[in-house]
Amino acid sequence: MPDSTTAQLRELATRIRLDALDMVSIQGFGYLGQALSAAEQFAVLFGDVLRHGRDRFVLSPGHYAVAFYAAAAEVGLLDRGALAAYGTDGALLEAISTERTPGLDLTCGSLGQGLSGAIGLALGDRLAGEDRRTYAFLSDGELEEGQVWEAAMFAAHHALGGLTVLLDANGSQVDGPITTVTTIEPVADKWRAFSWHVQEVDGHDIDALRDACAAAAAEPRPSMIIARTDIRGRLQSVPSTADGHFLKLDADLERALRIELQEIAEALGAS
Amino acid sequence: MHRDPPYETALKPFGRALVEVARGRPDIVCLGADLTRQTETDLFRETIPARFFNAGMAEANAIGIAGGLARAGHTVFFATFGVFATRRCLDQIAMAVAYPALNVKVVGFMPGLSSPGGPSHQAIEDVALMRALPNMTVIDVADATETLQAVPAIADHPGPVYLRLKRGEIPIIFDDDHDFSLARAQVLVAPGDAVLIASGMMVAAALAAARTLRRHGAEVGVLNVPVLKPLDTATILEACAAAGTVITAENHSVIGGLGSAVAEALAGSGASPRLVRLGIQDRFAEPGSRAYLFSRYGLSVRRIVEEAWRALGRTDPPPVSDELDAADGTYAPV
């Protein structure tokens with residue numbers, strides 16, 4: 001969907017959240033916050049930026065697989081029927097993506113490893129003279145892993161301009177707000193200090209994400225797009241006390257979320 | 001055929017073999033981690049600079065990059081010291097290389113107590129760690145001839161490999177007609193009353209021990225097991241059945257390496273020969289010369305002779321092994 005409008009991508013983001021809600025509802029708990037947080041980034045990547053069949057997509061935190069499944073199904077890269085078995089024993093679409101997961105160039109469940117793999121892909125494509133870009137999706141909690149910074153140094157040293165990272169900076173990790181665990185800020189300054197091209201945007205703003213991806217593609221340096229997001233997707237229904245990383249979805253919360261997301265979808269459709 | 005010690009030595013057989021195979025294989029990429037000359041890959045860097053990348057002291061990242069390069073269609077050789085190549089980045093090797101079964105060859109230099117650098121530099125459990133990973137082929141070669149043959153063999157072998165290599169002057173134990181195989185262990189001396197099963201740097205010691213023992217009437221054979229996984233169980237069991245007394249010798253912890261692999265094979269088959277596992281006895285060592293450490297930690301020819309003598313039920317004093325003073329540029333087992 002290279003000619004998608006902003007409105008279409010907003011609708012896509014809402015459908016990604018609704019699909020994710022459906023998938024997580026199967027078991028009543030799971031990685032829904034990841035999709036609420038990153039829906040716009042997946043909408044922009046899969047609905048606009050990625051040249052399917054050419055560009056590489058690395059999903060570093062496999063816990064975001066639900067967002068990928070939703071986006072891939074919405075744009076026709078994945079059979080929608082598979083979503084119905086999400087996370088169940090023996091299903092194609094696992095709660096944490098694996099080597100079996102279709103449609104990904106690389107995914108990791110052990111955090112902090114995706115950027116190194118993305119560098120390998122980008123370097124390999126450059127060696128082979130192939131016209132591909134590599135997009136790596138990372139989450140901010142992963143920045144606590146030292147390997148990310150080893151990778152950051154390598155990518156800058158080798159001027160891997162074909163590499164763009166989208167960082168879902170929702171400020172949240174398993175044990176709570178990142179600021180209460182191990183502060184990673186100032187994130188933008190850190191990546192600048194590592195000689196990356198750095199942009200910091202509202203991660204729920206479709207236009208800002210698109211513009212940032214376009215600017216990144218024109219850069220000779222590797223590019224970091226810090227997408228500032230809310231793990232509750234700025235939805236009113238999710239209580240601020242909820243564990244966004246592994247959301248417990250009781251019937252009331254599921255109903256409230258579905259109504260709120262459907263209202264958003266209708267409002268977007270009407271506009 | 002194998003030669004007699006002291007052995008002539010060769011320099012940089014791995015580095016030479018890698019350049020040789022990479023010249024005709026544009027898919028081969030070499031990664032390093034700030035130990036380029038020490039891992040003989042300076043030859044690659046000088047000869048094929050466009051395909052050499054130095055990740056610096058960042059092994060976890062190097063493994064991840066190796067996996068990405070392999071996914072993009074390249075065959076990757078990543079060389080550093082064995083300690084850093086394995087235990088420092090075990091999760092990365094497991095997830096980025098072994099699980100996806102990618103074409104990445106991890107090459108670990110300075111096996112076991114061949115490093116004077118103490119526990120930080122002595123890879124005493126690298127074989128155990130790599131054996132435990134599904135999809136991983138694990139190789140511990142004995143000499144320069146095997147190294148020269150192993151490099152093209154693993155380049156052609158699809159999938160992940162751990163290759164364990166001595167650093168520096170590499171003995172030439174085998175003649176050119178030696179046939180290194182990823183599938184087969186080799187009987188070097190036919191088993192008699194006992195068989196010594198050895199890999200890597202302990203093959204030379206096992207050959208020397210067997211020579212001393214045979215000279216004193218103990219019919220002892222030698223089996224060379226360069227490929228620890230997949231293990232050539234058939235050849236091992238056959239040799240053990242012929243012998244009845246089995247002694248494994250490895251420059252590695254006795255937990256998880258050759259001795260464990262042989263014990264597993266024997267137990268699984270129901271065979272129960274007398275089994276002695278020589279190697280590092282579940283302890284960290286210390287800095288020191290090869291002669292000092294190999295003697296002190298039970299990796300010497302003398303120790304093999306003594307243990308074999310005892311295992312064979314001999315109560316008279318064990319024979320004294322040959323003194324093998326190696327002149328400069330030659331190699332003899334401790």
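**A tour of chain A and its contact with chain B**

Begin by selecting chain A, which has 9 helices and 10 strands; helices (H or I, at least four residues) and strands (E, at least two) are DSSP runs, numbered from the N terminus. This is a predicted model, in which local features need pLDDT of at least 70 and side-chain atom pairs count only at pLDDT 80 or more, while totals for chains, interfaces and linings use all residues. Residues are numbered from 1 along each chain as its sequence is written, and chains are lettered from A and ligands numbered from 1 in the order in which they are written.

Keep the whole of chain A in view. Its C-alpha atoms fill a box of roughly 50 × 40 × 40 Å along the principal axes. The radius of gyration of chain A is 17 Å, which agrees with the value near 18 Å for a compact globule of 271 residues; this radius is taken over C-alpha atoms, and the globule rule is 2.2 Å times the number of residues to the power 0.38. Buried residues make up 52% of the 271 residues, where buried means that 20 or more other C-beta atoms, placed from the backbone, lie within 10 Å of the residue's own.

Next, select the sheet of chain A. This open sheet of 6 strands has the order β3-β2-β4-β5-β9-β8, with parallel pairing; two strands pair if DSSP finds at least two bridges between them. The edge strands are β3 (106–108) and β8 (197–202), each pairing on one side only. From one strand to the next, the twist averages 15°.

Zoom in on β4 (residues 134–139) and β5 (residues 163–169) of chain A, parallel strands joined by 6 bridges. Here A:F137 stands opposite A:L166 in β5(A). Then add helix α2 (residues 32–49) of chain A, which packs on the sheet and touches β2 (56–61), β4, β5 and β9 (223–228). The direction of α2 makes about 155° with that of β5(A), with axes fitted as lines to C-alpha atoms, for helices over the stretch in contact, and angles running from 0 to 180 degrees between N-to-C directions.

Now turn to chain B, where 20 residues are in contact with 20 residues of chain A; contact requires C-beta atoms, placed from the backbone, within 7 Å. On this side of chain B, α3 (59–71) and α5 (90–98) are the elements that give two or more residues, and α3(B) supplies the largest share, 9 residues.

Finally, select α3(B) alone: 13 of its 13 residues are buried. Continuing past α3(B), the tour ends at B:G73, whose phi is positive, near 105°.

Definitions and conventions: Contact = placed C-beta atoms within 7 Å. Buried ≥ 20, exposed ≤ 12 C-beta atoms within 10 Å, placed from the backbone.
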